[in-house]
Amino acid sequence: MTAITLYTITDPRTGKPFYVGISGKMMNRERAHNSLDCVSTRQIIREIHENGLWPIFDYVASFSERWRAIRAETALMRKLHSDGFVLRNLGYRSEPPLPD
């Protein structure tokens, strides 16, 4: 069984996280973000690259069950949002916290 990784992406210019995600193939997922293949992070990562920098990927936790990873991802998005961070996740930008 593949481990599912919960991760954040942080802007090195500000030190603030802007994306929360999960993936069973982190190397591929990190490459996709940095190659600008991900719509939700494309603009900000392009700006980071234009400044000669790379986004910071932080591996938060690892799960053996996808539903646990999704639950943790949702909880982390809620926490960061309530702490005032603006997330670039599709369907989550500048919206009120997710319902319980």
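Which residue forms a salt bridge with Asp 11, and how far apart are the closest N and O atoms? The legends below take up this pair and then other parts of the predicted model.

**View 1. Asp 11 and Arg 13 form a salt bridge.** The partner of Asp 11 is Arg 13, and the closest N and O atoms are 2.7 Å apart. Asp 11 is buried, with a relative accessible area of 4%. Arg 13 is partly exposed, at 36%.

**View 2. Arg 13 also forms a salt bridge with Glu 47.** Here the closest N and O atoms are 3.9 Å apart. Arg 13 lies in the loop between E1 and E2, whereas Glu 47 lies in helix H2, so the pair ties together parts that are 34 residues apart in sequence. Glu 47 is partly exposed, with a relative accessible area of 29%. Asp 11, Arg 13 and Glu 47 are thus linked in a network of salt bridges.

**View 3. Asp 83 forms a salt bridge with Lys 79.** The closest N and O atoms of this pair are 2.6 Å apart. Asp 83 is partly exposed, with a relative accessible area of 44%. Lys 79 counts as partly exposed too, at 47%. The model has four salt bridges in total.

**View 4. Strand E1 is covered on both faces.** In a regular strand, side chains alternate between the two faces of the sheet. On one side of E1 are Ile 4, Leu 6, Thr 8 and Thr 10. On the other are Thr 5, Tyr 7, Ile 9 and Asp 11. Every one of these residues is buried. Eight of the eight residues of E1 are buried, so the strand is largely enclosed by the rest of the structure. Asp 11 meets the cut-off of under 20%, because its relative accessible area is 4%.

**View 5. E1 pairs with E3 and with E2.** E1 and E3 run in the antiparallel sense, over seven bridges. Within that pairing, Thr 5 of E1 has Ser 62 of E3 as its bridge partner. E1 and E2 are also antiparallel, again over seven bridges. There, the bridge partner of Thr 10 is Pro 17 in E2.

**View 6. A hairpin joins E1 and E2.** Four residues lie between the two strands. In this hairpin, Gly 15 takes a positive phi, near 75°. The loop between E1 and E2 also holds Arg 13.

**View 7. Helix H1 has buried residues covered by strands and a helix.** H1 spans residues 26-34. Its buried residues are Met 26, Ala 32, His 33 and Asn 34. What covers them includes three strands: E1 (4-11), E2 (16-23) and E3 (56-63). Helix H2 (42-50) is also part of the cover. After H1 comes Leu 36, whose phi is positive, near 65°.

**View 8. Asn 34 of helix H1 is buried among its contacts.** Which residues does Asn 34 touch, not counting those up to four places away in sequence? They are Ile 45, His 49, Trp 54, Pro 55 and Phe 57. Asn 34 has a relative accessible area of 18%. The cut-off for buried is under 20%, so Asn 34 counts as buried.

Note on methods: Residues are numbered from 1 along each chain as its sequence is written. This is a predicted model: local features need pLDDT of at least 70, side-chain atom pairs count only at pLDDT 80 or more; totals for chains, interfaces and linings use all residues. Side-chain values use heavy atoms; hydrogens and water are left out. Buried means under 20% relative accessible area, exposed over 50%, partly exposed in between (1.4 Å probe, protein chains only). Contact means heavy atoms within 4.5 Å. A salt bridge is a side-chain nitrogen of Lys or Arg within 4 Å of a carboxyl oxygen of Asp or Glu. Two strands pair if DSSP finds at least two bridges between them.
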